[in-house]
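The following questions and answers work through one structure, taking its chains and their contacts in turn. Each answer reasons briefly before it arrives at what was asked.

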Amino acid sequence: MALQLKVEKRVDVPKWLPLATSIGSVILAFIIGGVILKFIGGQPLVAMKFFFQAVFGSWAVFSDTMVKATPLIIVGLACAVAFKMRLWNIGAEGQFYAGAFGASMVVLVPLVPMDSPKVIVIGAMMVMGMLFGALWGFFPGYLKAKFHVNEIITTLMLNYIAILWNNFWIFDKWSDGGFQMSPTFDRVAWLPRLADYAREYKIFSGVTLHLGVLFGIAAAVLVWWILQKSRWGYEIKLIGDNPKAARYAGINIARNITLVMMFSGALAGLAGMSEISGVVHRLQESISPGYGFTGIIVAWLAKLNPFAIIIVSILFGGLIVAGREIQPAGLSFLLQGIILFMLISSDVLLRYRIRIVRAQEEAA
Amino acid sequence: MNPVIILHAGLATGTVLLFAAIGEIFAERSGILNLGIEGMMLFGAMAAFSTSFSTGSPWTGVLVAMLAAGFLSILHGLVTIHFQADQVVSGLSLTFLGTGLALVLGEGLTGQTVALIPSFDIPLLSAIPFIGPAFFEDHSILVYAGYVFAPLSWYYIHKTRPGMHLRAIGEKPAAADTLGIDVYGTRYFYVFVGGALAGLAGATISLSVSPGWYSAQTTSGQGWIAVALVIFAQWNPLRAALGGYLFGALRRLILDLQGPKLLLGFVNPLYINSNYSFFLKMTPFILTIVALIFGSRAVAKKRAGSPSALGLPFIRGERGM
Amino acid sequence: MTSTIPAVALKDITIRFPGVLANDKVNLTLEQGEVHALLGENGAGKSTLMNALAGLYKPVSGTMNVHGKLVDFNSPKDAIAKGIGMVHQHFMLVPTQTVTENILLGLNEPKFFMRLSEYDEKIRALQEQYGLFVDPRAKIWQLTVGEQQRVEILKTLYRGADILIMDEPTAVLAPQEIEDLMGTMRSMVNQGKSIIFISHKLHEVTAVADRVTVLRKGVVTAGGQSMDGVTKEDLAQLMVGRDVVFTVKKEPQEPGEVVLKMNDVHAMNDKLLPALQGISLNVRAGEILGIAGVGGNGQSELAEVITGLRACEGRVSISGVEISNQPPITAIQLNVSHIPEDRTAVGSAPNLSITDNTIMKSYCQDPIGNGWSIDFTRAGERARKLKDKYDILAPSVETPAGKLSGGNLQKVILAREISSEPKLIVAMQPTRGLDVGAIESIQTLLLEQREKGTAILLISEELEELLTLSDRIAVISEGMIMGTLDAEDADINKIGLMMTGVAES
């Protein structure tokens with residue numbers, strides 16, 4: 001009558017399980033993070049309070065969270081598209097910077113006269129941001145397609161290159177009187193914020209949420225449509241699931257690698273544009289606290305589902321806002337690492353299940 | 001712009017890449033891709049520095065760094081070997097985790113000074129002209145250890161029984177399994193070894209070649225360059241050592257290029273505008289990509305080195321691998 | 001050489017996998033010095049049972065005795081220590097290592113440093129003893145399949161195995177090599193070894209075995225029966241559970257125009273060695289051309305060249321349109337269907353639904369493809385129809401393809417490939433690893449296509465299948481066509497000879 005633990009392969013996965021493991025991973029990660037924080041002498045409960053205040057606190061704080069969530073949504077989508085094809089774009093950070101650079105060119109060169117209508121200026125910034133992001137995605141995509149060069153390394157190296165490239169411009173050509181930043185953009189190049197309408201609607205006063213969040217939502221709808229409804233999305237899924245089968249089905253894999261990498265880069269570039277046009281209003285150092293990397297976790301935590309990415313991004317946006325209050329600074333990295341670890345470990349529950357059986361029953 | 005100095009510095013900083021890349025070669029040869037090198041290195045650098053700070057013994061620092069990073073990588077082992085999770089994602093999480101841990105635990109270490117790994121000259125050998133001052137003068141013990149470690153690793157992998165088992169597990173784990181070799185245990189071991197060596201690489205930075213704790217700047221992407229170096233080296237420790245030294249020398253050359261007014265008889269643009277150095281700083285990263293292009297072509301051409309089972313979980317009775 | 005204590009006695013062995021009862025109270029006794037055949041269809045549980053004896057799986061219940069002593073294996077090492085050696089169906093060799101290294105793998109000697117040349121000598125001596133010759137310094141990937149098998153056998157002998165389990169050893173061999181192998185088995189038995197020989201080929205069992213145990217769906221239907229006076233028909237009945245009648249009948253039919261034409265085609269394999277060396281052949285509408293040959297003689301490359309998956313030299317045309325070195329989409333658009341050799345690795349996407357898998361070739365075309373988008377409602381409807389028509393057993397068309405059994409997955413692939421009304425079907429091993437029922441329905445489907453006037457290139461390693469289905473049979477060896485025969489009056493011996501590389505006189 002001895003009881004035994006038995007691990008077996010799952011034949012069916014209950015519909016609620018993936019969601020449950022995602023939520024469970026996050027909760028568990030917070031607990032572990034809290035224990036570590038306590039261990040090094042921090043105050044996990046205070047930190048936790050900051051976090052919840054950041055997400056669910058006042059209008060203004062929630063708006064801050066949404067402002068941080070905006071680039072995460074777009075970058076998360078960028079990563080999701082690439083990951084769907086099992087293409088490891090770890091270069092969203094660099095593509096983000098490249099996009100910010102492209103968008104800045106519009107204002108700082110300038111590519112369009114600064115007395116043009118807002119629509120033109122913002123439109124040009126979007127195009128240039130996406131173009132430069134796509135360019136930054138093109139290199140690793142093409143190298144992977146043509147020479148089978150590992151895209152993880154190339155995208156990473158291009159992150160460093162993009163940041164150095166931006167540094168040159170803000171230290172040199174576009175430096176604002178010797179400071180390591182460009183001059184502030186003209187108002188025409190700013191994305192509209194809710195605070196801009198504070199005169200008409202009192203409630204918006206001090207609310208920094210900007211139009212970029214709509215880019216994020218539109219991008220989510222677009223990515224959902226591509227992945228679920230379009231021919232291209234079908235090709236992406238097929239290549240991701242079994243490249244040999246995709247080749248056998250007549251799909252041009254090399255072309256798709258380059259295209260998907262460019263699309264992914266364009267989205268990350270859009271995030272960079274949205275950030276400098278909506279928040280920073282100039283090109284400077286450290287415009288991203290690692291959005292490109294957090295986007296990876298966001299995409300994975302959302303199981304590559306575009307709408308789930310929005311939700312997860314808000315959570316992580318809160319984490320970043322709270323991270324400004326929580327010391328030490330590395331904590332949000334640490335939490336992200338633990339969440340991701342928990343999440344991929346929990347995947348094992350989707351493939352196997354543990355049953356308690358009586359030894360007798362088994363013999364029968 | 002003295003070639004001896006550049007070579008000397010290259011051998012010193014190249015030692016970091018040497019340890020990290022050879023560690024990764026061991027892990028990958030067993031079939032486990034560990035992209036968490038950067039995180040483990042940073043964690044190791046912090047652990048070494050912090051331990052040396054509190055105990056005053058740099059050697060304890062090195063030991064702690066190796067153990068700490070080794071055990072951190074065991075986490076990657078657990079997730080990829082037993083849970084069969086995707087090795088790429090797990091490696092990335094390890095990078096986050098290691099970086100986060102290092103930054104959190106390394107708070108307050110910036111600006112401190114600690115006991116470092118001693119450097120010395122090797123008698124007789126250091127007297128050889130040119131070679132002596134570059135290779136055998138005023139190097140840390142760890143650099144000398146690197147000279148010996150690379151060929152020993154090569155010998156171990158290719159000429160010893162455990163090395164043969166290591167290669168078999170990375171090429172065809174099912175074959176090793178049917179002959180009673182413990183695939184999981186062996187993989188855990190080499191994942192640990194890979195982590196420990198990444199920790200050693202970190203300790204080499206913080207206690208030897210560029211002493212100090214500078215948060216994430218301490219490693220500044222060298223872990224990733226080490227991963228790329230493995231492909232370029234085609235999983236061969238000797239080539240990895242050579243590549244590491246070359247990269248090290250290059251970094252020094254970049255620094256030195258900013259000094260002189262004239263370069264090969266021309267006006268040095270970097271002297272006029274130091275901001276041009278940003279382009280120069282890109283070169284290691286660009287070169288990594290270029291090296292990777294050549295490495296990948298060689299691998300594609302004659303499937304040189306790349307362990308067949310790299311990145312694939314082993315489950316008995318599944319896959320013909 | 002029979003002693004009273006059997007070499008192996010398995011009693012009431014039960015092995016279970018999730019959802020599958022692989023072995024149900026199986027008994028098997030291997031006497032000292034005999035060749036004992038373990039016969040059964042694919043999936044009958046033969047390999048599972050033997051993997052348990054080799055220490056790879058642990059039975060849920062039952063006992064194992066080796067040389068009269070009760071054993072309990074926790075790993076292959078335990079089994080090896082008791083003198084049990086297994087030659088696996090899929091070779092367990094490390095391709096990048098040498099013969100000697102492979103033989104030494106997992107042993108406790110050499111201690112740390114390897115002095116390989118010393119061991120090369122030891123292995124040469126062992127080769128002398130059993131007549132199994134292969135260069136100890138060669139890397140495995142440089143060897144032929146037959147040589148690799150010798151390495152597998154040497155591996156077990158070097159470990160001092162006196163009980164050998166050979167899992168379908170003949171499946172990869174040419175007829176002449178099979179004869180050699182049987183000679184080796186005899187010589188090993190004469191030197192005191194005992195052998196369990198797993199097979200599903202009746203004539204081999206009757207030729208070499210002393211006794212036979214038959215498994216059907218995990219249950220023993222004949223235990224340790226002496227081979228004296230047992231006919232193939234008896235064995236087939238025990239194996240399948242009913243009288244085997246080949247119900248698949250081919251009607252004579254006049255073929256139409258030439259659809260596939262290949263002229264002096266050369267191609268390399270993945271290792272960049274020549275795989276096709278001047279192939280010329282024609283397949284006409286309403287005709288099945290069978291390609292016979294031992295696996296690995298260029299068959300895969302032949303199929304890949306036609307379907308655009310592999311580069312080549314020479315001319316390949318479909319109804320006069322040149323398609324060599326074109327991307328796969330060209331052949332698809334010319335209505336060439338391809339039933340690939342590996343249905344899981346190439347033919348399907350395991351995590352995508354049955355619906356998604358049925359539109360792999362048609363997602364771009366009306367009515368499924370709709371401009372930039374795909375009409376998934378229509379695709380689902382069509383998949384449901386195909387599921388009914390081809391009798392695919394699955395909970396729904398949303399079921400991931402990876403959850404299907406081999407036979408049902410193959411039906412999904414056939415449904416996809418046939419429903420496009422192809423002009424040419426390239427079918428590679430379409431029935432491999434399937435049970436008798438599935439084999440019949442797939443063979444019938446192919447013959448229906450032939451009647452509809454489709455040209456079919458059928459590549460198979462099962463001669464019986466080729467003789468049943470083909471109009472003509474071309475024999476391939478080392479990438480060359482040794483000759484083409486009419487299936488009607490084909491002589492099996494002649495085909496066997498051609499398979500070993502002897503050209504038609």
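**Strands, helices and contacts in the predicted model**

Q: Which residue in strand 8 of chain C stands opposite C:Ala37?
A: In this predicted model, strand 3 (residues 35-39) of chain C is joined to strand 8 (residues 194-199) of chain C by five bridges, and the two strands run parallel. Within that pairing, the residue opposite C:Ala37 is C:Phe197.

Q: Which residue in strand 9 of chain C stands opposite C:Leu39?
A: Strand 3 of chain C also pairs with strand 9 (residues 211-216) of chain C, in the parallel sense and over four bridges. In strand 9 of chain C, the residue that stands opposite C:Leu39 is C:Val214.

Q: How many of the residues of strand 3 of chain C are buried?
A: Both faces of this strand are covered, with C:Val35, C:Ala37 and C:Leu39 buried on one side and C:His36 and C:Leu38 buried on the other. Strand 3 of chain C is accordingly described as mostly covered, and the number of its residues that are buried is five of five.

Q: Which strands of chain C stand at the edges of the open sheet with the order 2-1-4-5?
A: This open sheet of four strands in chain C has antiparallel pairing, and its twist averages 30 degrees from one strand to the next. Each edge strand has a single partner strand, so one side of each is left without a neighbour in the sheet; the two edge strands are strand 2 (20-30) and strand 5 (69-71) of chain C.

Q: What is the bridge partner of C:Asn65 in strand 5 of chain C?
A: Strand 4 (residues 61-66) of chain C runs antiparallel to strand 5 of chain C, and three bridges join them. In strand 5 of chain C, the bridge partner of C:Asn65 is C:Leu70.

Q: What angle does the direction of helix 1 of chain C make with that of strand 1 of chain C?
A: Helix 1 (residues 46-53) of chain C packs on the sheet, where it touches strand 1 (8-17), strand 2 and strand 4 of chain C. The angle between the direction of helix 1 and that of strand 1 of chain C is about 115 degrees.

Q: Which residue in strand 15 of chain C stands opposite C:Ile318?
A: A four-stranded open sheet of chain C has the order 12-11-14-15 with antiparallel pairing, and its edge strands are strand 12 (274-284) and strand 15 (321-322), each pairing on one side only. Strand 14 (residues 313-318) of chain C is joined to strand 15 of chain C by two bridges. Opposite C:Ile318, in strand 15 of chain C, stands C:Val321.

Q: At what angle does helix 9 of chain C run to strand 12 of chain C?
A: Helix 9 (residues 299-306) of chain C lies across strand 11 (258-268), strand 12 and strand 14 of chain C. Relative to strand 12 of chain C, helix 9 runs at about 60 degrees.

Q: Are helix 13 of chain A and helix 4 of chain B roughly parallel or antiparallel to each other?
A: The axes of helix 13 (residues 331-351) of chain A and helix 4 (residues 87-105) of chain B come within 7 Å and cross at roughly 150 degrees, and the crossing is left-handed. Angles over 145 degrees count as roughly antiparallel. The two helices are therefore roughly antiparallel.

Q: How many charged residues does the contact of helix 13 of chain A with helix 4 of chain B have?
A: Among the residues making this contact are A:Phe333, A:Leu334 and A:Phe341 of helix 13 of chain A, and B:Phe96, B:Leu97 and B:Gly100 of helix 4 of chain B. By class, the contact has 14 nonpolar and six polar residues, and the number of charged residues is none.

Q: Which helix of chain A gives the most to the side of chain A that touches chain B?
A: The contact takes 36 residues from chain A and 42 residues from chain B, and the residues on the side of chain A divide into 26 nonpolar, eight polar and two charged. Helix 5 (118-147), helix 6 (151-171), helix 11 (291-301) and helix 13 of chain A each supply at least two residues of that side. With twelve residues, the helix that gives the most is helix 13 of chain A.

Q: Is the crossing of helix 2 of chain B with helix 3 of chain B left-handed or right-handed?
A: The axes of helix 2 (residues 37-55) and helix 3 (residues 58-82) of chain B come within 7 Å and cross at roughly 145 degrees. Their contact has twelve nonpolar, seven polar and no charged residues. Helix 2 of chain B passes helix 3 of chain B in a crossing that is right-handed.

Definitions and conventions: Residues are numbered from 1 along each chain as its sequence is written. Chains are lettered from A and ligands numbered from 1 in the order in which they are written. This is a predicted model: local features need pLDDT of at least 70, side-chain atom pairs count only at pLDDT 80 or more; totals for chains, interfaces and linings use all residues. Two strands pair if DSSP finds at least two bridges between them. Two residues are in contact if their C-beta atoms, placed from the backbone, lie within 7 Å. Axes are lines fitted to C-alpha atoms, for helices over the stretch in contact, and angles run from 0 to 180 degrees between N-to-C directions. Angles under 35 degrees count as roughly parallel, over 145 as roughly antiparallel, 65 to 115 as roughly perpendicular and the rest as oblique. A crossing is left-handed if the near helix is turned anticlockwise from the far one by less than a right angle, and right-handed if clockwise. Ala, Val, Leu, Ile, Met, Phe, Trp, Tyr, Cys and Pro count as nonpolar, Asp, Glu, Lys and Arg as charged, and the others, Gly among them, as polar. A residue is buried if 20 or more other C-beta atoms lie within 10 Å of its own, exposed if 12 or fewer, and partly exposed in between; C-beta atoms are placed from the backbone.
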